[in-house]
Amino acid sequence: MQSQQSNVQVMGIDAGGTMTDTFFVRADGRFVVGKAQSNPGDESLAIYNSSVDALAHWDREVDDVYPELVTCVYSGTAMLNRILMRKGLDVGLICNRGFEQIHSMGRALQSYLGYALEDRIHLNTHRYDEPLVPVSRTRGVTERTDVQGKIVIPLREHEVIQATRELVEAGSQAIVICLLQSHKNELSEQRARDLVKAELTRLKVDIPVFASVDYYPSRKESHRMNTTILEAYGAEPSRQTLKKVSDRFKKHGAKFDLRVMATHGGTISWKAKELARTIVSGPIGGVIGSKLLGEYLGDENIACSDIGGTSFDVALITKGSFAIKSDPDMARLVLSLPLVAMDSVGAGAGSFVRLDPYSKSIKLGPDSAGYRVGTCWPESGLDTVSVSDCHVVLGYLNPNNFLGGAIKLDVQRARDHIKAQIADPLGLSVEDAAAGVIELLDLTLSEYLRANISAKGYNPAEFTCFSYGGAGPVHTYGYTEGVGFKDVVVPAWAAGFSAFGCACADFEYRYDKSVDLGVAQFASDEQKAAACTTLQEAWEELATKVIDEFVINGYQPEDVLLIPGYKMQYMGQLNDLEIVSPVTRAATAADWQQIIESFENTYGRVYANSARSPELGFSVTGAILRGMVVTQKPVLPEDADAGPTPPKEAYLGTRPFYRHKKWVEAALWKMESLKAGNHIVGPAIIESDATTFVVPDGFETTIDKHRLFHLKEVK
Amino acid sequence: MSYTNEQVAHLVEGSLDWETTFRMLSMPKDNSRFEQYVAALQAKVSFKDRIVLPLAPHMYIVQSAKTKQWLIKCDCGHEFCDYKENWKLHAAIYVRDTEEAMTEVYPKLMAPDTQWQVYREYYCPTCGTLHDVEAPTPWYPVIHDFEPDIEAFYKEWVHLPVPERVD
């Protein structure tokens, strides 16, 4: 074990459905990964156990390390599960009269969100989930604001008071108010909010009130309503979970303030007002981590690929920044939250493999074995072949060292199932059938990756591919072969990469607001200045919210670095682009000129210079404000070059390995024992407890000073 | 993919959990489903005759236990006719051909004009189960819904021996 001269500074947590990963980084860049079974009843306990597991590698105790930590970021699926299981608060909803059924009906696309294409086009499978708020706890009030924001029918105030009484009577634990077009004109909704609060005080009922304008003032009514309801429904219970986690940390001497990974790619405090945006966080961590690694390596363009048991997630970083999607869907709900843009395909290392009984073609997924691995694990209770079974049979995975030997895999059992289900019906040997499955998966993934890059108008040769996730390194060669990336990088901590990435994220709040501005190409200076004023007002409104959040955590307004941004499009076009503003304040026609230039440059880069259409005029569709404060981030290890020859103690022997219709002896290496500069030529398999890195014949890899493996095809 | 008899019985009852239902819908049909499905139906009816093919939610083509003739039969045991005949001609029929009768099932002005379209409802004469509704033009003959080729279905589709039949 290494000495203890270096403090442990950063901790990342990825509390998944099955496993809770923790990731600790010391000041010298050394890191450890810990794993423990998740505990939905008390997440804090799983985090504690996982920490104990991780710190054991350094012979250190939790009580001794927690007080040293400077920063800690949590990401998890608890909030998402709470929504999926419909275990949130009993929320009451006030909306416009005549629109009481809207939330229950939902958007039609919510009936097939998350489905594979085959099911999406198969109408019988479409299904509406139970609404978060039943009609019985929904009240309509007479009011109408038109699309231009003009109040056409004033709010009937007595109806709001009546609705409040009825909702309290019906047992509401929170009240959400969402009126049509309130993002255009907030007056009616704010008035309704004040009336509800006054009535609650009069009734001596202490329940929270959520008006959509205070939280997510964005266009798209279903999105705004869903998101505000989500906040009321799931955020408060999640806050309790996070408080429990924070309390346990404090009990063990922690001095840091727990932060949570949020959908926009920053981290926010567990005390934040808006917690709905923590609904999805795990996969985002990987993108943030890739961005940081890219900065270390000097790579501006990165294809992030994360392969887990059930899905393959791809995100692109271009010119050092990732894209944000502003109306994503999660938990089968359309939402208005900024989310780091990612594309997923439902094929992963644990996908089930079946033969179509009619066409005899191999079908992967869409369901998967998940934590049950496959038929190779006798205790799994599974009898359908999974991709992992094929890997075990072909020698990719070590049956005695799966998850560090935590479970033993039965190769013969997997062989028998592959033979009966795949090989025999196809008239193939077990090896060829299994190899066919792997090839099909690799092809699916590499086509998906390639399509994702070229569909956005980029060339893979300009990109470095980062491959991570528990199963990533097994497949890296397969899905990158022939794509033509500039470089392919596999971090030694691939399995804990999401947790690492969370720890890399800034302490950053981001607020969005819809605005509607249209300015012609040759508008007068007065018109341009007026547009700037509107944008500036929106930024100032958002700045107040951002600073308020930091004040909760004890920061001074002057500690906060504010970064304004906007969404812009050519007038009449459908897609906007998100731009970091070149000006910190917008006031004059000259400011406006800079604002549109910045947009036009980005447009030219994303699409093509020749596609620019300034003659259409410019629309600003949204104002964005990000605010951040300085935090401690993980540092990467810097090892001395130990030369190309791996040390003897890293060599573990050989294992038969099947690829391209023949068995070869692959050299086995222990990942932890390899040193910076070591060069390994395939066929080789590099193993660690949490992951297996496959380097087949025709490939070679070098480990660099940051413990990143670079995979190359041998020409 | 295969399912237990219990799951198929839940499917028949409409009480199968959504996850399993979804898997059934999105995966290719399992080989033994027809046999299991018919067995689940058979367990629900009180008569001894063997169900050959379900025709409607409460109606089957059965093989008469006594004569081996194939008959169309209701849940309740009421026998309509031979399986080749149109059972509707043996049912109790109610025709909604006045505005008054239409407003019993639809709000006023939201039902068809009975000069153009009528509803013909076919009931079991014994238990009163509504087996089918037609919505034709008033003069249209009684529709014979379908005449299944049971022999081909058993032999070529589900690969089962065809039940014995005496005509």
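Analyst: Two strands pair if DSSP finds at least two bridges between them, where strands (E, at least two residues) and helices (H or I, at least four) are DSSP runs numbered from the N terminus. This is a predicted model, in which local features need pLDDT of at least 70, side-chain atom pairs count only at pLDDT 80 or more, and totals for chains, interfaces and linings use all residues. Residues are numbered from 1 along each chain as its sequence is written, while chains are lettered from A and ligands numbered from 1 in the order in which they are written.

User: In what order do the 3 strands of the open sheet in chain B stand, and is their pairing parallel or antiparallel?

Analyst: Strands of a sheet pair through backbone hydrogen bonds, in either sense. In chain B the order is β5-β6-β7, and the pairing is antiparallel. Because β5 (92–96) and β7 (130–134) of chain B each have a single partner strand, they stand at the edges, and one side of each is left without a neighbour in the sheet. From one strand to the next the twist averages 20°, with axes fitted to C-alpha atoms and angles between N-to-C directions running from 0 to 180 degrees.

User: How many bridges join β5(B) to β6(B), and which residue of β6(B) does B:Tyr94 stand opposite?

Analyst: Antiparallel pairing of β5(B) with β6 (residues 119–123) of chain B extends over 5 bridges, and B:Tyr94 faces B:Glu121 in β6(B). A hairpin can be read in the same way: β3 (residues 70–74) and β4 (residues 79–82) of chain B pair antiparallel over 3 bridges, with B:Ile72 opposite B:Cys81. That hairpin has 4 residues between its strands, and B:Gly77 takes a positive phi near 105° there.

User: Which strands form the open sheet of 4 strands in chain A, and which helix packs on the sheet?

Analyst: The order is β6-β5-β9-β10 in chain A, with parallel pairing. Here β6 (138–141) and β10 (209–211) of chain A are at the edges with a single partner each, so each has one side without a neighbour in the sheet. Strands β5 (residues 91–96) and β9 (residues 174–177) of chain A run parallel and are joined by 4 bridges, and A:Leu93 has A:Val176 as its bridge partner in β9(A). Helix α6 (residues 157–169) of chain A packs on this sheet, touching β5, β6 and β9 of chain A, and its direction makes about 175° with that of β6(A).

User: Is helix α15 of chain A enclosed or in the open, and how many residues of α5 of chain B are buried?

Analyst: A residue is buried if 20 or more other C-beta atoms (placed from the backbone) lie within 10 Å of its own, exposed if 12 or fewer, and partly exposed in between. In α15 (residues 497–504) of chain A, 8 of the 8 residues are buried, so this helix is largely enclosed by the rest of the structure; among them are A:Phe497, A:Phe500 and A:Cys504. In α5 (residues 150–157) of chain B the number buried is 0 of 8, so that helix lies largely in the open. Just after α5(B), B:His159 takes a positive phi of about 50°.

User: How many residues of chain B are in contact with chain A?

Analyst: Contact requires C-beta atoms, placed from the backbone, within 7 Å. By that criterion 5 residues of chain B contact 9 residues of chain A.

Definitions and conventions: Two residues are in contact if their C-beta atoms, placed from the backbone, lie within 7 Å.
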